[in-house]
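Reader: Could you take me through one part of this model in close detail? I would like to see how two of its helices meet, and then how that part sits in the rest of the chain.

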Amino acid sequence: MKFAHLADTHLGYRQFGLLEREKDFYEVFDKIIDKIIEEKVDFVIHSGDLFDSARPSPSALLAFQKGLLKLKGAGIPMYAIAGNHDIVNRNGAIPPQVLFKKFGLKLISPINTNYMHNDVFIAGLPFYPASQNKNLKSKLDELSKKAENHEKSILVLHQGIDKYFNLQYELEIGDIPDNFDYYALGHIHNYICDDFGKGKLVYPGSTETWNVSELIDLKKNGKGFIVVDLDGPKMNVKRVAMDIPREFIVKTIDYRNLGAEIDSIKNTIKDFDKQPILNLKINNIDSNIGEIYEFINRELGDLALMIRPTFNVLDREVDVDAISNDENALSTKELLIDELKEYDSEDVNNLAVELYDLLSKNKTEESEDLIKQFFNEKYNIICDDSGEEITENKAEDGQVRFSGAIQ
């Protein structure tokens with residue numbers, strides 16, 4: 001019994017607003033499907049963020065349909081969960097994956113949490129935000145009890161775990177049941193393969209470079225998917241790395257050698273099949289930044305899809321994004337939590353971070369739904385016959401002040 005595991009394909013993502021980058025994501029997904037078929041696996045698991053949006057474009061839907069039909073033609077079913085990008089965070093919301101159930105997609109959901117593939121028990125849950133941590137842990141306990149009745153079992157999740165995720169996570173490593181053979185994780189875009197319980201816990205990573213923060217792992221592990229062979233006394237986990245369509249080049253340049261360094265970059269990229277993304281850091285500048293920017297664009301503009309420069313004037317960083325990514329600087333999420341210390345509430349912290357993630361993507365409707373859901377659950381808000389809201393338990397002063405601030 002052999003299966004493929006992939007995650008975080010983010011179909012439809014138009015990185016930097018560039019149509020070319022959206023097409024790159026489709027291209028690598030299509031190549032992965034072909035490679036999976038070549039590997040002659042029995043089934044495929046997708047651990048969430050199939051799409052970059054809960055309302056994917058027709059192009060994104062068609063790209064997935066094409067891949068799914070290829071798998072179906074090869075007799076290979078796909079089991080999938082919804083990630084945080086796939087679903088609107090509100091009660092009763094359904095992910096776009098449901099559109100493909102009649103095409104053979106086997107969707108793992110809170111309603112249908114598990115399947116059997118021959119003698120393999122496949123169970124999982126869609127993404128749960130940190131504010132629903134208790135509910136998530138309760139459901140994991142239920143799945144763990146079901147897994148006890150099966151010799152081979154797989155748990156499919158799309159969550160951040162504290163051991164591997166140093167920002168806002170939804171689970172601690174001790175929250176994960178330890179009686180599954182394979183843990184098919186998604187959400188973290190870097191490749192992770194770890195021993196856990198009696199099996200392996202694996203994040204295959206994203207299939208394309210969704211964020212420049214992934215470039216270190218890209219250089220080390222590449223992008224791709226996992227092939228797992230369950231036959232024999234010991235499970236075999238194989239990483240399959242894929243060539244990504246477009247290069248990301250990161251280079252630090254001393255201004256005093258600017259001309260020679262730019263010539264070197266030109267010679268490197270002139271024969272590339274696709275224009276690369278250039279991330280350039282120029283140090284020790286003692287000249288006009290505008291003129292330097294014009295020079296770089298004049299020399300490299302026709303050879304690169306995008307140039308993302310950062311300028312250091314006499315060792316002073318002038319790029320805002322670079323400052324926010326400094327290891328010693330507080331992230332935006334950390335600053336939010338720091339500002340909310342007076343409420344002394346992990347639930348409030350989680351709500352603030354989730355709102356930040358939604359609003360930064362202009363998801364206003366989803367943000368409003370999240371706020372309503374939070375207050376309905378937290379403060380037991382119900383409606384009388386006239387539709388007026390009634391709070392069963394009077395909120396504390398701090399809760400009232402927070403409600404007012406959100407409004």
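Author: Happy to. In this predicted model, the helix 1 side of the contact with helix 2 is made by Glu22, Tyr26, Phe29, Asp30, Ile33, Asp34, Ile36 and Ile37. Facing them from helix 2 are Ser59, Ala60, Ala63, Phe64, Lys66, Gly67, Lys70 and Leu71. Sorted by class, the residues of this contact are 9 nonpolar, 2 polar and 5 charged.

Now for the geometry. Two packed helices are described by the angle between their axes and the distance between the axes. For helix 1 and helix 2, the angle is about 10 degrees and the axes are 9 Å apart. Angles under 35 degrees count as roughly parallel, and helix 1 and helix 2 are therefore roughly parallel to each other.

From here you can follow the side chains into the interior. In soluble globular proteins, nonpolar side chains tend to be buried together. The largest nonpolar core in this model has 27 residues, and Leu11, Ile36, Val44, Phe64 and Phe225 are those with the most contacts inside it. At least two residues of this core come from each of strand 1 (2-6), helix 1 (19-38), helix 2 (58-73), strand 3 (78-80), strand 11 (223-229) and strand 12 (236-242). Helix 1 gives the largest share, with 6 residues. Ile36 and Phe64 are worth picking out on your screen: both belong to the contact of helix 1 with helix 2, and both are listed among the core residues with the most contacts.

Val44 is a good place to look next. Beyond its neighbours within four places in sequence, Val44 is in contact with Ala4, Leu6, Ile36, Leu71, Ile76, Pro77, Met78 and Tyr79. Two of these partners, Ile36 and Leu71, also take part in the helix 1 and helix 2 contact. Another core lies apart from this one, with 22 residues that include Phe121, Ala123, Ile188 and Ile192.

The loop between strand 1 and helix 1 deserves a stop as well. Most residues other than glycine have a negative phi. Asp8, in that loop, has a positive phi of about 50 degrees although it is not a glycine. Phe16 lies in the loop between strand 1 and helix 1 too, and has a positive phi of about 60 degrees. Their surroundings can be told apart by accessibility: Asp8 is buried, with a relative accessible area of 1%, whereas Phe16 is partly exposed at 29%.

For a second helix pair to set beside the one you asked about, try helix 5 (residues 258-269) and helix 6 (residues 289-300), whose axes come within 10 Å and cross at roughly 30 degrees. Helix 5 and helix 6 are therefore roughly parallel to each other, and helix 5 passes helix 6 in a right-handed crossing. Leu258, Ile262, Ile265 and Lys266 of helix 5 make the contact with Ile292, Phe295, Ile296, Glu299 and Leu300 of helix 6. By class, this contact has 7 nonpolar, no polar and 2 charged residues.

Finally, the wider setting. The protein's secondary structure comes to 11 helices and 18 strands, and buried residues make up 48% of its 407 residues. Of the contacts between residues at least 6 apart in sequence, 67% join residues at least 24 apart.

Terms used. Residues are numbered from 1 along each chain as its sequence is written. This is a predicted model: local features need pLDDT of at least 70, side-chain atom pairs count only at pLDDT 80 or more; totals for chains, interfaces and linings use all residues. Side-chain values use heavy atoms; hydrogens and water are left out. A nonpolar core is a set of buried Ala, Val, Leu, Ile, Met, Phe, Trp, Tyr and Cys residues joined through side-chain atoms within 4.5 Å. Buried means under 20% relative accessible area, exposed over 50%, partly exposed in between (1.4 Å probe, protein chains only). Helices (H or I, at least four residues) and strands (E, at least two) are DSSP runs, numbered from the N terminus. Contact means heavy atoms within 4.5 Å. Axes are lines fitted to C-alpha atoms, for helices over the stretch in contact, and angles run from 0 to 180 degrees between N-to-C directions. Angles under 35 degrees count as roughly parallel, over 145 as roughly antiparallel, 65 to 115 as roughly perpendicular and the rest as oblique. A crossing is left-handed if the near helix is turned anticlockwise from the far one by less than a right angle, and right-handed if clockwise. Ala, Val, Leu, Ile, Met, Phe, Trp, Tyr, Cys and Pro count as nonpolar, Asp, Glu, Lys and Arg as charged, and the others, Gly among them, as polar.
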